[in-house]
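I opened this entry to record what I looked up, residue by residue, with charges and rings as the main topics.

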Amino acid sequence: MPGKRKILIIDDEELFRKIFSEDLVYCGYTCKSADTPSEGIRLLKTEKFDLVLLDILMEPLDGWDTLDLIGNLTQGYETPVIMVSSKKMDLLEVVRYGERLFGFMRKPLTREEICAGVFSFFEWYQSLLDIVSKNRRTNVPEDEILQWFDLSRQIRVITDLKEEAALRCLPDAYRTEEECMIQLTTQVEDMVQEKRKLLYELEQKNPVLRTSGKK
């Protein structure tokens, strides 16, 4: 059993809030839902959640605007956010927001897919938290432990998002659609490579991080 982890669902569609809540409760989680970003922010200010499932296509504030608001909360950085949408993310969104995300789920989802996806996330996320906790008992500086955590998360998430991203890009006066796609693809690949380089340097400096990061 996943335990009573607490999940906040922010989605302006009542049907999806209802389905997600019922399915996740069935799988052993505690859920609350908000039908507007403002209600979601209010709940985040007053309660602690283990995960936020955030819809992208909302009005007047969309999911990306809401992600900005969550990040501005005192505890926002500590609250993992998985984006949920009926549309694929595109590469421009990966470039802009990939570093801040913990995953992406595409609607519609069966109960099995919802529960398996959330369970898999918590299993992976908890493994990173366990490594952070373990290394706090070593002589590795706190800022380098947190940097290792961020880089490890970002590499995995951005790589996954790139694989699932919609291959579309709007042409403009300076580049064709194909040129735009090549540029964005290269930008994402460069992001990942730079983070891999920083992670390697960090693990070379602190071998205990490299060892603890292996399954």
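**Entry: Lys107 and its surroundings**

I began with Pro108, which I found in the loop between β5 and α5 (111-135). The model I am reading is a predicted one, and I keep that in mind for every value noted here. A cis peptide bond joins Lys107 to Pro108, with omega at about -10°. I noted a second cis bond between Glu59 and Pro60, with omega at about -5°, and placed Pro60 in the loop between β3 (51-55) and α3.

Staying with Lys107, I looked for its charged partner and found a salt bridge with Asp55, the closest N and O atoms being 3.3 Å apart. This pair links distant parts of the chain, since Lys107 sits in the loop between β5 and α5 while Asp55 belongs to strand β3, 52 residues apart. Is Lys107 buried or exposed? I recorded Lys107 as buried because its relative accessible area is 5%, and Asp55 as buried because its value is 3%. Lys107 also lies over the face of Phe16, at 4.0 Å from the ring centre.

I then checked Met105, which lies in strand β5 (residues 104-106) and counts as buried at 11% relative accessibility. Its C-alpha is 9.6 Å from that of Asp55, although the two residues are 50 apart in sequence. Leaving aside neighbours within four places in sequence, I listed the contacts of Met105, among them Leu53, Ile82, Val84 and Glu113.

**Entry: rings**

My search of the whole structure gave nine aromatic pairs. Phe16 and Phe20 make one that is edge-to-face, with 6.2 Å centre to centre and 75° between the planes. Both lie in helix α1, four residues apart, which is about one turn of the helix. Phe16 is buried at a relative accessible area of 17%, and Phe20 counts as buried at 3%.

Trp64 and Tyr97 form a stacked pair, 4.1 Å centre to centre with 5° between the planes. I noted that this pair links distant parts of the chain, Trp64 being in helix α3 (residues 63-72) and Tyr97 in helix α4 (residues 91-97), 33 residues apart. Both Trp64 and Tyr97 are buried. I also recorded one aromatic cluster formed by Tyr29, Phe102, Phe121, Phe122, Trp124, Tyr125 and Phe149.

**Entry: charges**

Which side chain of opposite charge is nearest to Arg17? I found it to be Asp35, 4.6 Å away; Arg17 is buried yet has no salt bridge, because a salt bridge requires a side-chain nitrogen within 4 Å of a carboxyl oxygen. The side chain of Arg17, a residue of helix α1 (residues 14-26), does reach the backbone oxygen of Asp11 at 2.9 Å.

For the structure I counted 14 salt bridges. Glu47 forms one with Lys32, the closest N and O atoms being 2.7 Å apart; this pair links distant parts of the chain, from the loop between α2 (37-46) and β3 to strand β2 (residues 30-34).

My last look-up was Lys205 with Glu144, whose side chains meet in a salt bridge at 2.5 Å, N to O. Lys205 lies in helix α7 (residues 177-205) and Glu144 in helix α6 (residues 142-164), so the pair ties together parts 61 residues apart in sequence. Lys205 is exposed, with a relative accessible area of 58%, whereas Glu144 counts as buried at 10%.

Terms used
Residues are numbered from 1 along each chain as its sequence is written. This is a predicted model: local features need pLDDT of at least 70, side-chain atom pairs count only at pLDDT 80 or more; totals for chains, interfaces and linings use all residues. Side-chain values use heavy atoms; hydrogens and water are left out. Helices (H or I, at least four residues) and strands (E, at least two) are DSSP runs, numbered from the N terminus. Buried means under 20% relative accessible area, exposed over 50%, partly exposed in between (1.4 Å probe, protein chains only). Lys and Arg count as positive and Asp and Glu as negative; His and the chain ends are not counted. A polar contact is a pair of N or O atoms within 3.5 Å; within protein, one must be able to donate a hydrogen and the other to accept it, and residues adjacent in sequence count only if both atoms are side-chain atoms. Contact means heavy atoms within 4.5 Å. Rings of Phe, Tyr and Trp (its six-membered ring) pair if their centres lie within 6.5 Å; planes under 30 degrees apart count as stacked, over 60 as edge-to-face and the rest as tilted. A charge sits over a ring if NZ of Lys or CZ of Arg is within 6 Å of the ring centre and within 35 degrees of the ring normal.
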